[in-house]
Amino acid sequence: MQSATSNFLIPNATFIVELVAFLVVLAVVGKYVLPFLNRVLVERAERIRTELEAANAARAEAQAADEERRAALEEARQQAREIVGQANRIAEQVQNDARERAQAEHDRVVAAAESEVALARRRAVDEAAERIGDLVLDVVERVIGREVDAQAHRDLIDEAVAALTADGAASGAAVGRATGQAS
């Protein structure tokens, strides 16, 4: 049995030894382990801070590069729009020039054709007038029954040829107007 003299409130020798051992371990840990741990923690915190600064700098550089890329892309788009606009203007100018050249060529061909037609009409009228003059003389000789002097009646023949020429020119102008309307 245990003696009734021991009081649990009063420390015995085991408690004192445990207390001294605890204080010694606490002093060793405080003197040698805590400075090492503090140094490691400070180094780690410094490394983390450096890495965060580097990450922030990299993010800022990436944003700057992104803005630069966007600005370059917008500039390239603007240049492309200008090039397309310029190409459209040039194409329109080329088309207008070609249209003007084609119209000028058309007008030249039409004018040449009209002059050729007028010349051919004139030749035909002259030839017809000459033939008609000969025919008139032949008819007059047959009707009268004697030979007619062409030099003596030349004024009459020339009048008849002029009348035929005037009729041919009037009908030629009407044909020219009709062909001009058709084209």
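Select residues 13-144 to begin: this is helix 1 of a predicted model, and its 132 residues, at 1.5 Å a residue, should span 196 Å, which agrees with the 186 Å that separates its end C-alpha atoms. With the whole chain displayed again, the secondary structure comes to two helices and zero strands.

Next, centre the view on valine 33, where helix 1 bends by about 40°. Extend the selection towards proline 35, a proline that follows the bend within four residues.

Now colour the protein by accessibility. Of its 183 residues, 5% count as buried, and the accessible surface comes to about 15,600 Å², with 60% of that area belonging to carbon and sulfur atoms. Which residues of helix 1 are buried? Select Gly85, Val125, Ala129, Gly133 and Leu137, since these are buried in helix 1.

The remaining stops concern charged side chains. Side chains of opposite charge can pair when their charged atoms come close. A search of the whole structure finds six salt bridges, and the tour visits several of them in turn.

Select glutamate 46 and arginine 49, whose side chains meet in a salt bridge with an N to O distance of 2.1 Å. The two residues are three apart in helix 1, so about one helical turn separates them. Arginine 49 is partly exposed, with a relative accessible area of 38%, and glutamate 46 likewise counts as partly exposed, at 38% relative accessibility. Adding Glu53 to the selection brings up a network of salt bridges that links Glu46, Arg49 and Glu53.

Move on to aspartate 66 and arginine 70, which form a salt bridge whose closest N and O atoms are 3.0 Å apart. Both residues lie in helix 1, four residues apart, which is about one turn of the helix. Are these partners buried, partly exposed or exposed? Aspartate 66 has a relative accessible area of 23%, and because buried means under 20%, it is partly exposed; arginine 70 also counts as partly exposed, at 48% relative accessibility, given that exposed means over 50%.

For the last stop, select glutamate 74 and arginine 81, the side chains of which meet in a salt bridge at 3.1 Å, N to O. Here arginine 81 counts as partly exposed at 45% relative accessibility, while glutamate 74 is partly exposed with a relative accessible area of 38%.

Conventions: Residues are numbered from 1 along each chain as its sequence is written. This is a predicted model: local features need pLDDT of at least 70, side-chain atom pairs count only at pLDDT 80 or more; totals for chains, interfaces and linings use all residues. Side-chain values use heavy atoms; hydrogens and water are left out. The expected span of a helix is 1.5 Å times one less than its number of residues. The bend at a residue is the angle between axes fitted to the seven residues ending there and the seven starting there. Buried means under 20% relative accessible area, exposed over 50%, partly exposed in between (1.4 Å probe, protein chains only). Accessible areas come from the Shrake-Rupley method with a 1.4 Å probe; for residues, only the protein chains shown count as cover. A salt bridge is a side-chain nitrogen of Lys or Arg within 4 Å of a carboxyl oxygen of Asp or Glu.
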